[in-house]
Amino acid sequence: YTLLIPTYNRPDHLRRLLGYLAARRFEFPIRVLDSSSGDGLSENRQTVGGRELDIAHEVYDPAIPIHKKVELGVASVESTYCSLCADDDVLFTDELNGLLDILDANPGLAVAHGYYVNFRSGENFDIWYTDYSAPSIVADDPLTRLVEQMSDYQAIFYGVHRTDTMKSIQVPLDRVKSLWAKELLTSTLAVSAGGM
């Protein structure tokens, strides 16, 4: 398993996320996909270098579109599984091994994921919205899985993917222009490849 963290000129977010992962004693390789510039890039270099984590800091042109940065980052992953965690998100690390076990035990699954929550950071950590808690999609037929996905849509972009699946869904994203269309195509191609 490899964790990919895309970031762009938000060194405080990256510092917070990597600090959290270090405190959780995160044991898996991390690739920071960084298209920051100037002071943001310098701060990120210091943050990455100052952590006792297995981190590769991959630096990209600041003008690179997010989907291209993710495509390049995923292309370099050699582990069986990978997932994305934006620099302003939190990965529930206690659940990760369970998701990997589910994928190991079920070769017909392409993605495993759980709850996504929105939160407000401040003095207190307030969860204010829980999203995408729909049931599994495991039909044998890809078209049936696609209909189930679109009938009760789940944004599975941040789920744990089989790396081969994640790699295969990156290239077709160039065919659509809007971020919304790219998200829909990502989910569609993932459930076409296997269950979720």
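Contact here means heavy atoms within 4.5 Å. With that in hand, let's walk through this predicted model, starting with one of its helices.

**Helix H4 and its two sides**

Helix H4 covers residues 96-105, and its buried residues are Leu 96, Leu 99, Leu 100 and Leu 103. Look down the axis of H4 and those buried residues fall within an arc of 100 degrees, so they line one face of the helix. What do they pack against? The buried residues of H4 sit against three strands: E4 (81-84), E5 (111-112) and E8 (160-162). Flip to the other side of H4 and you find Asp 101 and Ala 105, which are exposed.

**How far to trust it**

Mean pLDDT for the chain is 90, with 91% of its residues at 70 or more. Where is confidence lowest, and where is it highest? The low spot is strand E7 (residues 126-131), with a mean of 62, while the high spot is strand E2 (residues 30-34), at 98.

**Two cysteines, no bridge**

A disulfide is a covalent bond between the sulfur atoms of two cysteines. Searching the whole structure for disulfides turns up zero. Take Cys 82: its nearest cysteine sulfur belongs to Cys 85, and that is 13 Å away. A disulfide calls for sulfur atoms within 2.5 Å, so Cys 82 is in no disulfide. Seen from the other end, Cys 85 is in no disulfide either, with the sulfur of Cys 82 as its nearest. Both are tucked away: Cys 82 is buried at a relative accessible area of 0%, and Cys 85 is buried at 4%.

**Thr 186 in helix H7**

Thr 186 belongs to helix H7 (residues 179-193). Is Thr 186 buried or exposed? Its relative accessible area is 2%, so Thr 186 counts as buried. The side chain of Thr 186 reaches the backbone oxygen of Lys 182 at 2.8 Å. Setting aside neighbours within four places in sequence, Thr 186 is in contact with Phe 157, Ile 169 and Leu 173.

**Positive phi without glycine**

Next come two loop residues that are not glycine but have a positive phi, Asn 9 and Arg 25.

| Residue | Phi | Location | Relative accessibility |
|---|---|---|---|
| Asn 9 | near 55 degrees | loop between strand E1 (2-7) and helix H1 (11-23) | 32%, partly exposed |
| Arg 25 | about 55 degrees | loop between H1 and E2 | 70%, exposed |

**An aromatic cluster**

The whole structure holds five aromatic pairs. In one of them, the rings of Tyr 1 and Phe 28 have centres 5.1 Å apart and planes at 85 degrees, so this pair is edge-to-face. The pair ties together distant parts of the chain, since Tyr 1 is in the segment before E1 and Phe 28 is in the loop between H1 and E2, 27 residues apart. Tyr 1 is buried at 10% relative accessibility, and Phe 28 is buried at 14%.

How do the rings of Phe 26 and Phe 28 pair? Their centres are 5.6 Å apart with planes at 65 degrees, so that pair is edge-to-face too. Phe 26 is buried, as is Phe 28. Put the ring pairs together and Tyr 1, Phe 26 and Phe 28 are linked into a cluster.

Terms used: Residues are numbered from 1 along each chain as its sequence is written. This is a predicted model: local features need pLDDT of at least 70, side-chain atom pairs count only at pLDDT 80 or more; totals for chains, interfaces and linings use all residues. Side-chain values use heavy atoms; hydrogens and water are left out. Buried means under 20% relative accessible area, exposed over 50%, partly exposed in between (1.4 Å probe, protein chains only). Helices (H or I, at least four residues) and strands (E, at least two) are DSSP runs, numbered from the N terminus. The arc is that of the directions from the helix axis to the C-beta atoms. pLDDT is the predictor's confidence in each residue, from 0 to 100. A polar contact is a pair of N or O atoms within 3.5 Å; within protein, one must be able to donate a hydrogen and the other to accept it, and residues adjacent in sequence count only if both atoms are side-chain atoms. Rings of Phe, Tyr and Trp (its six-membered ring) pair if their centres lie within 6.5 Å; planes under 30 degrees apart count as stacked, over 60 as edge-to-face and the rest as tilted.
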